[in-house]
Number of protein chains: 2
Amino acid sequence: MEPDKYYIKEQLMSLQDEICSSLEALDGTGKFHEDKWERPGGGGGRTRIITGQHIEKGGVNFSAVEGNMPEKIYSKLGIGPNRFFATGVSIVLHPINPHTPIIHMNVRYFETDNGLWWFGGGIDLTPHYVDDVLATHFHESLKACCDNANESYYPEFKKWADDYFYVKHRKETRGIGGIFFDRLDKNKFSKQEGLDYILSVGRSFIPIYTHQFSKTAKLDYTDREKEWQLHRRGRYVEFNLVWDRGTKFGLDTDGNIESILMSLPPETKWTYRYPYNEKEQNTLDKLKKGIDWVNYKEV
Amino acid sequence: MEPDKYYIKEQLMSLQDEICSSLEALDGTGKFHEDKWERPGGGGGRTRIITGQHIEKGGVNFSAVEGNMPEKIYSKLGIGPNRFFATGVSIVLHPINPHTPIIHMNVRYFETDNGLWWFGGGIDLTPHYVDDVLATHFHESLKACCDNANESYYPEFKKWADDYFYVKHRKETRGIGGIFFDRLDKNKFSKQEGLDYILSVGRSFIPIYTHQFSKTAKLDYTDREKEWQLHRRGRYVEFNLVWDRGTKFGLDTDGNIESILMSLPPETKWTYRYPYNEKEQNTLDKLKKGIDWVNYKEV
């Protein structure tokens, strides 16, 4: 029997619990603060925020909402009036240490009561300074997770991430990409396979982040490096507010604002024509689409 | 004889010069740094940025650009292919002192070589703490400037500002509004009257800001007040990146990014569910549309 929405929802709630307890252990002192919220139209969520000794601001959100689909949306989808159901887990972590990357993960499931369903999600990394070895490790881990399901996934979803996480007006990728996928339906896999895949992506998050964290969180850093981090976070804000479709959808449709905007950094700077040093320029040179991080060799 | 585009451009360049020298005098130590830039399609600008002892980050930009109008735009306007010309002065000032408001001014002129022309612009104020007396003074000054041209302008353009400078997803106005107007053409006034009006708006900027500045720039402030300022600046970023049509147009059309985004604050914070104190809540209560600041009485 195929998994139903109740089962998928339970699985994602467990995923949120697992990730939160692992992140508390990793940080060492931070504890998640939970806000439960309800959506007037149906459903709700659990927003969980952490401030710790290493994580400056982190959010691990679960939601499961349902209701009548607005006409604007169902006509765009080429289907009739229906009730929809959407559930997902979303994570953004902003570390204190500028050597530790910002990480983002999302896995989600969507269905309508007239038979449509799909999965979406991904993990992407935004280092303030690109470390080639850590970048390769990140992409190797994602590739291993994807290959386990289907060897075509990593190349396809890696390209999708490069294209999606692009700060068009700066001509920079948001970070070193990762994987991104959306609306994968019965043409891609069975519902069981889809659920297995997003859960394996979700469960890869902690080992992946633990590796990045353990190599960087205790490194010394200078005032200049912190300053650069604050400016890179500005780009993160620019992407999320100008280009991210998920954020725009939430703002346009009167979503839970504080929960949607938990992705914004705790502190940010913008300086007119910030003067880059060589090390910073080296990172900018690597914020490009199409870099093969798995087989990366310094040119 | 009606003023032509060369004359209007000269007038706006003089306006920029006047405002810059007054702001340097007001700040006392800050000096504008100028970047001249050219637009590949035609025209260019003078971006001027100041960092001083009172102004944390300020930009006073002039531009005059021209070129072939993209098909997408002229078909929307219901006109044929043409060459356009657009010139304007744009200002955003972020003060160091949280008691001094953020101020924004813009005046602009647009024409096509097939006979269309219009003026636009406005001034609006974003206090971190709303001071009723200063808010009333600000609106009285704008009303006096408008009334001098036409008594219908202030009520019309005041409402336009309330509607335009609205952070929809927060259900807050960006600040206490001001005046905003766009595409005022031959149905509104002659070209000479239009130019006279935007120049009078432009020339009201310095006395208006000088009043706000002189009452606030030397006031003591606490760490908490600075903290609140950094969070209010976050709303300024949200408005500019999510809702401001001018910014979106610039980002979509590959404009001079550093010049467009000079409006972003030097430093900003976002905190999940920032806990307001009573004084902060008092400001939030006044970030509403439709407040009659000229005749304001505390309820």
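Trainee: What turn and what shift along the axis lay chain A on chain B?

Mentor: Let's begin with the general idea: two copies of a chain are related by a rotation about an axis and a shift along it. Keep in mind that this is a predicted model. Here, a turn of 180 degrees with a shift of 0.0 Å along the axis lays chain A on chain B, and the RMSD is 0.0 Å. The two copies are thus related as by a two-fold rotation axis.

Trainee: Which C-alpha of chain A is nearest the axis?

Mentor: Look for A:Thr268, whose C-alpha is 2.6 Å from the axis.

Trainee: And which strands pair across the two chains there, and in what sense?

Mentor: In general, strands of a sheet pair through backbone hydrogen bonds, either parallel or antiparallel. In this model, E10(A) pairs with strand E10 (residues 267–269) of chain B over three bridges, in the antiparallel sense. To find one of them, start at A:Lys269: the bridge partner in E10(B) is B:Glu267.

Trainee: Now the interface. How many residues of each chain are in contact?

Mentor: You'll find 22 residues of chain A in contact with 22 residues of chain B. On the chain A side, the elements giving two or more residues are helix H6 (223–243), helix H8 (257–260) and strand E10 (267–269). H6(A) gives the largest share, four residues. As for the kinds of residue on that side, 13 are nonpolar, three are polar and six are charged.

Trainee: Why can we say the copies meet through the same surface?

Mentor: Because 100% of the interface residues of chain A are also interface residues in chain B.

Trainee: Let's move inside chain B. What is the order of the strands in its open sheet of seven strands?

Mentor: Trace E1-E2-E3-E4-E5-E6-E9, with antiparallel pairing. At the edges are strand E1 (33–38) and strand E9 (178–184), each of which pairs on one side only. From one strand to the next, the twist averages 10 degrees.

Trainee: Which strands of this sheet does helix H5 of chain B touch?

Mentor: Helix H5 (residues 191–216) packs on the sheet and touches strand E4 (83–95), strand E5 (102–112), strand E6 (117–126) and E9 of chain B. The direction of H5 makes about 15 degrees with that of E6(B).

Trainee: How many bridges join strand E2 to strand E3 in chain B?

Mentor: Eight bridges join E2 (residues 43–50) to E3 (residues 55–68), and these two strands run antiparallel. Try finding B:Arg48, whose bridge partner in E3(B) is B:Val60.

Methods. Residues are numbered from 1 along each chain as its sequence is written. Chains are lettered from A and ligands numbered from 1 in the order in which they are written. This is a predicted model: local features need pLDDT of at least 70, side-chain atom pairs count only at pLDDT 80 or more; totals for chains, interfaces and linings use all residues. Two strands pair if DSSP finds at least two bridges between them. Axes are lines fitted to C-alpha atoms, for helices over the stretch in contact, and angles run from 0 to 180 degrees between N-to-C directions. Two residues are in contact if their C-beta atoms, placed from the backbone, lie within 7 Å. Ala, Val, Leu, Ile, Met, Phe, Trp, Tyr, Cys and Pro count as nonpolar, Asp, Glu, Lys and Arg as charged, and the others, Gly among them, as polar. Copies are superposed by least squares on the C-alpha atoms of residues with pLDDT of at least 70 in both.
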